[in-house]
Amino acid sequence: MGFAFDRNGRRLGPGSETTEDSRAPVAKYNQAQNQTDISITRIQLQGNMNEGVALVPHFTVTGDARQSTVPAPEFVVLDFASYSRQPVFTKNPELAIACDERPTVKGLAQLLPSSASGSEDTIAQFLSVRISFKSFLRMSAARSVKINLGAKRFELGPDDIDALARMAAHVTSSVLIAE
């Protein structure tokens, strides 16, 4: 079964807005800049949209990645969104990502300044980190991906990893993921 998409990468057809998979890669082309932004709307790591933590991976490439594969970017941005009754993060938390039990990424995620975001009952916090495209490829090809963000521990499910692989498939890669 196939799906049809409009020129902005939005799925067409009945129920396309209500049944859309938040993990489906979205490619938005900017003709004026000759760039495509490729992202996943949301991978829910814990809880739900009202109280939990979500991952939003995205990258920008030169060319129109909707029509054909284009050269890989240098880096991928991993944005994390936390929604809870109390702040979950008080400073830039340590980030560690292991793929198939092998360390892949280690560093700090930047806690972004938050204005009045969330609702009266919910505090929204946003964190961001840049990782190499090579590390992203390792994540997309792994059988197991574990993410430690501060005191929080998450494990991507098979559908989450598959979504990363579908995102990576928009680009050609001469990057080797083996060491």
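Begin by selecting Arg-66, which counts as partly exposed because its relative accessibility is 29%. The structure on the screen is a predicted model. Arg-66 belongs to the loop that runs between strand E6 and strand E7 (70-71). Display the side chains of this loop: that of Arg-66 makes a polar contact with the side chain of Asp-64, at 2.9 Å. Now add Tyr-29 to the selection. Arg-66 and Tyr-29 are 37 residues apart in sequence, and their C-alpha atoms are 7.4 Å apart in space.

**The hairpin of E5 and E6**

From the loop, move back to strand E6, residues 52-62, and select strand E5, residues 43-47, with it. How do these two strands pair? Strand E5 and strand E6 pair in the antiparallel sense, over four bridges. Together E5 and E6 form a hairpin, with four residues between them. To see one position of this pairing, select Gln-46, which stands opposite Val-53 in E6.

**The aromatic cluster**

Remain on strand E6 and select Phe-59, then add Phe-133. Four aromatic pairs are found in a search of the whole structure. In one of them, the rings of Phe-59 and Phe-133 have centres 5.8 Å apart and planes at 85 degrees, so this pair is edge-to-face. The cut-off behind that term is an angle over 60 degrees between the planes. Since Phe-59 lies in strand E6 and Phe-133 in helix H1 (residues 133-141), the pair ties together parts that are 74 residues apart in sequence. Phe-59 and Phe-133 are both buried.

Next, add Phe-136. Phe-133 and Phe-136 form an aromatic pair that is tilted, with 5.9 Å from centre to centre and 35 degrees between the planes. Both of these residues lie in helix H1, three residues apart, which is about one turn of the helix. As a general rule, an α-helix has 3.6 residues a turn, so residues three or four places apart point the same way. Phe-136 is buried, as is Phe-133. With the three residues selected together, the cluster can be viewed as a whole: Phe-59, Phe-133 and Phe-136 form one aromatic cluster.

**Helix H1 and its surroundings**

Extend the selection to the whole of helix H1. Is this helix largely enclosed or largely open? Seven of its nine residues are buried, so H1 is largely enclosed by the rest of the structure. Besides the two phenylalanines already visited, the buried residues of H1 include Ser-135, Leu-137, Arg-138, Met-139 and Ser-140.

Then select Arg-130 and Phe-75. Here Arg-130 lies over the face of the ring of Phe-75, at 3.4 Å from the ring centre.

**The four-stranded sheet**

Clear the selection and choose strands E10, E9, E13 and E14. In that order they make an open sheet of four strands with antiparallel pairing. The edge strands are E10 (102-108) and E14 (152-156), each of which pairs on one side only. From one strand to the next, the twist averages 15 degrees. Inside the sheet, select strand E9 (residues 94-99) and strand E13 (residues 145-149), which pair in the antiparallel sense over five bridges. Within this pairing, Ala-98 stands opposite Lys-146 in E13.

**A buried aspartate**

Select Asp-160, which lies in helix H2 (residues 158-168). Its relative accessibility is 8%, so Asp-160 counts as buried. A polar atom of the Asp-160 side chain lies 2.9 Å from the backbone nitrogen of Gly-157. Leaving aside residues up to four places away in sequence, Asp-160 touches Arg-23 and Ile-43.

**Two loop residues with a positive phi**

The last stops concern the backbone. Most residues other than glycine have a negative phi. Select Asn-34, in the loop between strand E3 (25-30) and strand E4 (35-40). Asn-34 is not a glycine, yet it has a positive phi of about 50 degrees. With a relative accessible area of 35%, Asn-34 is partly exposed.

Finally, select Glu-101, found in the loop between E9 and E10. Glu-101 has a positive phi of about 70 degrees, although it is not a glycine. Is Glu-101 buried or exposed? Its relative accessible area is 56%, so Glu-101 is exposed.

Conventions:
Residues are numbered from 1 along each chain as its sequence is written. This is a predicted model: local features need pLDDT of at least 70, side-chain atom pairs count only at pLDDT 80 or more; totals for chains, interfaces and linings use all residues. Side-chain values use heavy atoms; hydrogens and water are left out. Two strands pair if DSSP finds at least two bridges between them. Axes are lines fitted to C-alpha atoms, for helices over the stretch in contact, and angles run from 0 to 180 degrees between N-to-C directions. Rings of Phe, Tyr and Trp (its six-membered ring) pair if their centres lie within 6.5 Å; planes under 30 degrees apart count as stacked, over 60 as edge-to-face and the rest as tilted. Buried means under 20% relative accessible area, exposed over 50%, partly exposed in between (1.4 Å probe, protein chains only). A charge sits over a ring if NZ of Lys or CZ of Arg is within 6 Å of the ring centre and within 35 degrees of the ring normal. A polar contact is a pair of N or O atoms within 3.5 Å; within protein, one must be able to donate a hydrogen and the other to accept it, and residues adjacent in sequence count only if both atoms are side-chain atoms. Contact means heavy atoms within 4.5 Å.
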